[in-house]
Every structure is written in C-alpha cells, then in structure tokens.
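Work through the exercises below with the model open beside you. Try each task before you read its solution.

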Amino acid sequence: MMKRLYFLLGLSAALFSCSLKEDSSLYLAPDDFCATVEQCDACVKSVYNPFNSIYQLGFEIALEGCTDLYYIDSGTQDAQMDISPANARFGTTVWEYAYYGVRNANYAIYAMEKSPLDPAVTKPLIAEAKIMRAWWYYLLTSFFGDVPFYTNYLKNVQELEAVRTLPRMSATETRAALVEELQECIGDLPQQRRCDLGLQRAGAAMGYMVIAKLAMWNKDWVSATKALETLESLYGPLSRYPLSDVPYSVKNTDESIYEIQHEYSTTGLKFYSNLGCITVPCAKGTNADGKTTFDGVEIPELGKDCVVWQSLRPNGFLANGLFTRTSTDKRKDMTLVWSWNGKNFSRVWSGPKLWCYNMYSTCDSNNYTILRYADAVLMLAECYNELNEHEKAIQHLNQVKERAGISPYGTFKTKEKLLDEIQNERGRELAGEFQRKFDLVRWGIWYQRTYEFSEYQKLKDNIRPCMEYYPIPDVQCALSGGALDNKAYEEGL
C-alpha cells in the first residue's frame, strides 16, 4: 500500500470564505472526543458536508456539459472549457471541498479508533467514514488525476507546515490503497441495500460501488467484479426496480445506492442546490393569456417562480444517435423533450429526468441520485467483457436494455464492439447524472468524442487534450512552493 502522507489543504475553518489560510484553532485534539455514540456520529456526519457545495450546477457543467452528450451555450467559462491553472474555475471548488471531506474523515477515523466505546459500536462508523474518504479521493483523482494522498489526522500547525511541499502522487497507487482499505473494513457494515437501512448515509452498498469505481480506473477488473457481484447479491435483478423511479424528483427509491438529500421551505433554512436552473427549456416567457411558458410552451408542472438560466442542451449524438424522436426506448421521454402536452418546442431540450417541479427561485429541492443500481449492472457488464466472460457481459447489458423496452444485444462478435455498446448504453441510462466525463476519460476517449460531437463552437475553440483533467489551482501550487505542478497544461495549452 502507498505510504500515507500528510498534505496541507490551505482551507479555512468552514471553507465558506474559500480563504487559503489555515485556522489552527480547528486542530483540537480528538483523542478524548468520541467518548459517546453521539460524538462518534457527529464526527461521521461531518464527512458528508462537502456534498452540497460540490454537487451544484457547476459540477454538472464540468462532468456532463462538456462531453459527447451535452453542451451549454453560456458565458460560463467551464462550459467553454476556458480553464487554466490561473483560472481553474469549478476545479477550485472541487479541490477545496473534497479535501475538506478528506480532512474531516481523517479526524473522525482517528478519534473513533481512540474511542473507549465497544468496537462493535465504532467499527461500522469507522467503515462508513472510510467509504466517504474513498469517495472524496475518487472525485479528486477522477477530476485532477494525480493528487496528494494522505490519511493521517493532522495534529498541529507544525505538521501542516512540514508537509506543505508535497507533490502530486500516483492516482493509480492512491486508488489501489483505498480499494485495499475498503475491502478490509466493509464487512463491518450491515450487508443490506441502502433502502433497507433506514438511513440516508453511506452503507455497504455504497462501499462496494466505490471499490468497483476505483478498481475500474485501475483496470483491476477482478476486484471490481468481486465487489459488484456482492452488490448484485444484495439487489437482485434490475427488473425489480421500476424505470419510473429514475427521475431526480422521485426521492429515496429502492434502486438508489446513494443520493444527496435536498429539501426546501420558504419558512426555514433547508438544503437545496441549483441544478434545476439549467435543466429546463431556457426561454422562459409569458403568453397572451399571461401564463408562464418555456420556449413558447406551457409547462404547468414547473410553476412560475423558478429561475431559468442557459440550459444544458443535448448534442446530436444523444438526441439523434443514442435516442431518436421516434424511439420506443422508455428512457427517451425522461431524458429528452421535443414537445409538451401536444405542443412542439422550437428544438429538443433536456427532459424531465432532471427537472425540479414547482421550483422556487434557484432552489432545486430534488434529491440527486449519484449512485444507483443500473450503473452497477452496466459496470459489471464492462468488467465481464474485459475478463472475456462475454455471455455474462451481454446478460447484464440486456438487463438494462430490457427494462428500457428496447431490443436486446445479440450475438457476441468482438470485445471492442461489445464495449462500444456498453459505452453507448451508459450514455442512454446515466445521461445527466454527474458521470459522463469520468467515463470518457477513463476510456481514453474524452477529447476525441467531445470535440467531434459538441455543438458549442466556443468549447471546440478552447478544448485541448490536457483538459481531460482539471488543473490544480495555481494558488495551491504556490502554497506548495512549486511542489505541485500543472505540467500537462504547460505542455498542452
């Protein structure tokens, strides 16, 4: 396993100000903190804090709006791929908040390992914190590539200063270390589906998904397959889970493996995001009857109080390739919309899968299901194909196709053709779900596919192969004394 090191994050106490100065008052000794179950639970809950800061529309633009499936014709620099080390755009948010999650996880794990409580109480909570730590590193390595990796609780300012000069570290080794750690601890959690736990937190099911996602980046097909087969034993056939539960407006479904909890009320502070501002038809107006319209069409379900910005728009590859207007695929009318209540739009838009109904202002109160079982089934199809178990791969691919009501994949021809169809099916099934860029980069085809299929000229003018990963913000490189670098950008821009 990779040697575990410290790393100075350069974060403020709460990170809301995005200051690059450390607050040493944060580093309270945790040795005696987890003396009660409530204190342990509070530690673990802190590991979830970054979700609402990262999973905003900026993350959707970065991961879906700059791919072969979608573009967003806006002045947002991330949408135009106008990014650089000096202007890392949403990369600054991902860097700061994901490492905030790592730091909280390290504190929680250290404190609970020192706890006087019965290990039967602390071990499941430690495993939960380790799953979340692995998730933040999954995002960091998928978004930036090689990044500093540390699992230590940082005890004092001196330690922080001493490790300020760490360089990038191998993403492959980081993922392998995390897979090994999760394999060791995941048995400490109840082996149940998320919906059977009664908690909206990470459980064993999420742990198996994180193992598989990390392992697949490393082409460790055996470890990924083992984790996914265990997950399959918990969830069973995909046909048990209705396709009607896929939209984000349907909360806490049986298929869900992890979803970010949102709610909104005008009477009090609630959690919400803003994805809904870019997922509906953007031309909001008023017709002759004084009713709110979107691209000239009434959509009563959206209400009249939502704020709409430039929309996430499907590229032709999604709207005319993976789907067509005449397709019988049951996912088509969730993913895309050409008309509503019998009235045609001027063009195709993103469909109600990601809409937030009756959204007030910019407050999207949908839950975001970022891990669900159909994803796992398609991951297992890919793993079996790589392991030359092609019949099993086709069987799992067809579970997804059959639920969608389309023709099953036929006779195996070549490994490459089957992989191509699995890649296309991931596009149909998971469109818009914060995943596409990670998939394309992992397959080594992001630049080629995005340049070929994007319909946004400003993106095509700016995009470079080095942009498959976001740059580490220059301010972080400066804090490291130059130990952190963006050599790919120096060579590729």
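The exercises go from the whole chain to single residues, and the model is a predicted one.

**Exercise 1. Overall build**

Find out how the radius of gyration of the protein agrees with that of a compact globule.

Solution.
- Step 1: Start with the length. The protein has 493 residues, so a compact globule would have a radius of gyration near 23 Å.
- Step 2: Compare. The protein has 22 Å, which agrees.
- Step 3: Look at the box. The C-alpha atoms fill roughly 65 × 50 × 50 Å along the principal axes.
- Step 4: Add the elements. The protein holds 20 helices and nine strands.
- Step 5: Check the contacts. Among those between residues at least 6 apart in sequence, 73% join residues at least 24 apart.

**Exercise 2. Inside and surface**

Work out what share of the residues is buried, and what carbon and sulfur atoms supply of the exposed area.

Solution.
- Step 1: Of the 493 residues, 58% are buried.
- Step 2: The protein exposes about 18,900 Å². Carbon and sulfur atoms supply 49% of that area.
- Step 3: Take one residue, Asn106, in helix α4 (residues 90-113). Its relative accessible area is 2%. Buried means under 20%, so Asn106 is buried.
- Step 4: List the neighbours. Leaving out residues up to four places away in sequence, Asn106 touches Arg133, Tyr150, Thr151, Asn152 and Tyr153.

**Exercise 3. Charges and salt bridges**

Count the charged side chains, then trace the salt bridge of Arg403 and that of Lys353.

Solution.
- Step 1: There are 51 positive and 62 negative side chains. The centres of the two sets lie 2 Å apart.
- Step 2: The salt bridges number 31.
- Step 3: Arg403 pairs with Glu255, at 2.9 Å from N to O. Arg403 sits in helix α14 (residues 390-404), and Glu255 in the loop between α10 (221-235) and β2 (256-260). They are 148 residues apart. Both are buried.
- Step 4: Lys353 pairs with Glu433, with the closest N and O atoms 2.8 Å apart. Lys353 lies in the loop between β8 (343-350) and β9 (368-372), and Glu433 in the loop between α15 (415-430) and α16 (436-443), so the pair ties together parts 80 residues apart in sequence. Lys353 and Glu433 are both buried.
- Step 5: Join the pairs. Salt bridges with shared partners form one network, whose members include Glu255, Arg403, Lys353 and Glu433.

**Exercise 4. A pair of sequence neighbours**

Decide whether Lys304 is buried, partly exposed or exposed.

Solution.
- Step 1: Lys304 forms a salt bridge with Asp305, the closest N and O atoms being 3.5 Å apart.
- Step 2: Exposed means over 50% relative accessible area. Lys304 has 59%, so Lys304 is exposed.
- Step 3: Asp305 has 40%, so Asp305 is partly exposed.

Conventions:
Residues are numbered from 1 along each chain as its sequence is written. This is a predicted model: local features need pLDDT of at least 70, side-chain atom pairs count only at pLDDT 80 or more; totals for chains, interfaces and linings use all residues. Side-chain values use heavy atoms; hydrogens and water are left out. A salt bridge is a side-chain nitrogen of Lys or Arg within 4 Å of a carboxyl oxygen of Asp or Glu. Helices (H or I, at least four residues) and strands (E, at least two) are DSSP runs, numbered from the N terminus. Buried means under 20% relative accessible area, exposed over 50%, partly exposed in between (1.4 Å probe, protein chains only). Contact means heavy atoms within 4.5 Å. The radius of gyration is taken over C-alpha atoms; the globule rule is 2.2 Å times the number of residues to the power 0.38. Accessible areas come from the Shrake-Rupley method with a 1.4 Å probe; for residues, only the protein chains shown count as cover. Lys and Arg count as positive and Asp and Glu as negative; His and the chain ends are not counted. The place of a charge is taken as NZ of Lys, CZ of Arg, CG of Asp or CD of Glu.
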